[in-house]
Amino acid sequence: MSERYDLAVIGSGPGGYVCAIRAAQLGLNVVCIDKRGAHGGTCLNVGCIPSKALLHASEVFHETKNSASMGINVENVSLNLKDMMSYKDEGIDGNVKGIDFLFKKNKITGIFAEAKIISSNQINLTLPDQTEKIIEATNIVVATGSSSASIPGIEIDEDTIVSSTGALSLQKVPETLTIIGGGYIGLELGSVWSRLGSNVTVIEYLDRIAPGLDGELSSQFEKILKKQGINFILGSKVKSTQKNSEGVEVHIENVSSSESSSLQTEIVLVSTGRIPNTKGLFDDSLGIKLTDKGFIKTDKNYRTDVEGVWAIGDVIEGPMLAHKAEEEGVAVAELIKGKPGHVNYGIIPSVVYTNPEVASVGMTEEDLKGKSISYKVGKFPFLANGRAKVNKMTDGFVKILSSEESDQILGVHIIGAQAGTMIAEAAVAMEFEATSEDLAHICHAHPTLSEAIKEAALDTDGRALHM
């Protein structure tokens, strides 16, 4: 007889494991299936967590080398990349074991296997020893995440042409690193290797980096990264790559002029987005519908066309962010239990974990102009913030966009130290439909970087105090 569960979650990344935990809290008998052999998905194993470990370690290395201006003289600072990678791996192991503990605490069954949904309540599992078994579940949630996309004709070998996974495990610091794609992941990993000694070049198809950001933020971001030594080739596409004894020759074409050029590099990082993991997941007879881009089609409550089968996270449309998947995981578990699950997609923060960090929530100026919404702008530079000045963290600014009519906050954009942490205040304010005036009235501790948020809120009405 097959095993029976109230809920089967396929994928144990942030969306899947959170969904499983919330469902178990609600009293469901839950199984969570993952083919990786370790819980946590891409995020914990080869994404968010290891990249943040290397970002932090490379920042400490860079700061240690450049701390003389603060009266800290350190001689003979050197990099031990092998030990840095071990530090990263220890962080991964600790987080993965944390998921194991949470599954045990919440009485969730974890199975490592390749899953294929063969009916609305049956899943065929191929176990690591290649034996198969069928389990049954009243509800099935697909949370299989996404994988790195590539460019037609460019083969990722995780040696000289790598994805983000390979870029997290390089055995030595490359003299030159060329990144195809100027999005968040490429810029973060480019920052890591640049600080460790690589000459980094970013090739981006559009005429600006991080194109999803507010335009003013993107422009400032590019200037800061250039000052740090990262090179940019914008408005250009990679036509092909050719491996040779020195690494890879990258052939480039300017989008507007069609002018061709090439550059020689030791390592190429392909960072051109991600694609949903749905291959081989569904039996052909099921009739699960996908979009043109391969995302699973669902209604507003995460239901697919097949009764009892749901989908969340990177496999459905929307921002491919771990915290978005987590919120959907909670929502779908509550919906399955008959409760009112909900995600406010207008207030999902995004963060680029470079140094300085870049964080946004809500609408950009471009969004507001496109929707013909009248708005006010308040800005405050960290150069005028006392804590930032004394700590030499003066790059960047806070920008608040609020309604011209009601003063309700419509978007907040921050580039600066600790931006990823500070953006939470903006998200809370927006969730409660606060105005810039509300934010300006809140007493912020002094001296802190977050005072810049208060000052930017004051500036929407021309009342900034320290500028």
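# Worked exercises on a predicted model

Let's warm up with Glu-75, which sits in the loop between α3 and α4 (81-105). Keep in mind that this is a predicted model.

**Exercise 1. Decide whether Glu-75 is buried or exposed, and find how far its C-alpha lies from that of Gln-171.**

Step 1: look up the relative accessible area of Glu-75, which is 69%. Step 2: compare that with the cut-off, since exposed means over 50%. Glu-75 is therefore exposed. Step 3: go to Gln-171, 96 residues apart from Glu-75 along the chain, and you'll find the two C-alpha atoms separated by 25 Å.

**Exercise 2. Do the same for Pro-128, this time with Leu-187 as the partner.**

Step 1: place Pro-128 in the loop between β5 (122-126) and β6 (132-142). Step 2: its relative accessibility is 66%, so Pro-128 counts as exposed. Step 3: Pro-128 and Leu-187 are 59 residues apart along the chain, and their C-alpha atoms are separated by 36 Å.

**Exercise 3. Work out the surroundings of Ser-194.**

Step 1: find Ser-194 in helix α6. Step 2: its relative accessible area is 17%, and buried means under 20%, so Ser-194 is buried. Step 3: skip the neighbours within four places in sequence, and the contacts of Ser-194 are Val-200, Gln-228 and Ile-230. Step 4: follow Ile-230 a bit further, and it turns up in a second, separate core of 35 residues, which also includes Met-85, Leu-168 and Leu-213.

**Exercise 4. Find which residues touch the most other members of the largest nonpolar core, and which helix gives the most to it.**

Step 1: the largest nonpolar core has 58 residues, and Ile-33 and Ile-123 are the ones touching the most other members. Step 2: helix α1 (residues 14-25) is the top contributor to this core, giving seven residues. Step 3: zoom in on Ile-123. Leaving out neighbours within four places in sequence, its contacts include Ile-33, Ala-8, Ile-10, Ile-135 and Ile-140. Lysines join in as well, with Lys-116 and Lys-133 among the contacts of Ile-123.

**Exercise 5. Count the disulfides, and explain why Cys-19 isn't in one.**

Step 1: the count is zero disulfides. Step 2: the closest cysteine sulfur to that of Cys-19 belongs to Cys-32, 8.2 Å away, so the pair is too far apart for a bond. Step 3: check the accessibility too. Cys-19 counts as buried at 0%, and Cys-43 also counts as buried, at 10%.

**Exercise 6. Describe the second largest pocket: its volume, its lining and the element that gives the most to that lining.**

Step 1: the volume comes to about 990 Å³. Step 2: 29 residues line the pocket, with His-62, Glu-63, Asn-355, Lys-392 and Met-393 lying nearest its centre. Step 3: α3 (48-65) and α6 (184-195) are the elements that give two or more residues to this lining, and α3 gives the most, with seven. Step 4: sort the lining by class, and you get eight nonpolar, 13 polar and eight charged residues.

**Exercise 7. Find the volume and lining of the largest cavity.**

Step 1: the structure has one cavity of 30 Å³ or more. Step 2: the largest cavity holds about 50 Å³ of space. Step 3: its lining is made up of Ser-148, Ser-164, Ile-185, Val-270, Ser-271, Thr-272, Gly-273 and Arg-274. Step 4: by class, that lining splits into two nonpolar, five polar and one charged.

Terms used. Residues numbered from 1 in each chain as written. Predicted model: local features only at pLDDT ≥ 70, side-chain atom pairs only at ≥ 80, totals over all residues. Heavy atoms only, no water. 1 Å grid on protein atoms, 1.4 Å probe; cavity = no way out; pocket = protein on both sides within 12 Å on 5 of 7 lines; lining within 4 Å. Points joined across faces, edges and corners; volume = space filled by probe spheres on them. Helix = DSSP H or I, 4+ residues; strand = E, 2+ residues; numbered from the N terminus. Nonpolar A, V, L, I, M, F, W, Y, C, P; charged D, E, K, R; others polar. Core = buried A, V, L, I, M, F, W, Y, C linked by side-chain atoms within 4.5 Å. Buried < 20%, exposed > 50% of the residue type's maximum accessible area, 1.4 Å probe, protein only. Contact = heavy atoms within 4.5 Å. Disulfide = S-S within 2.5 Å.
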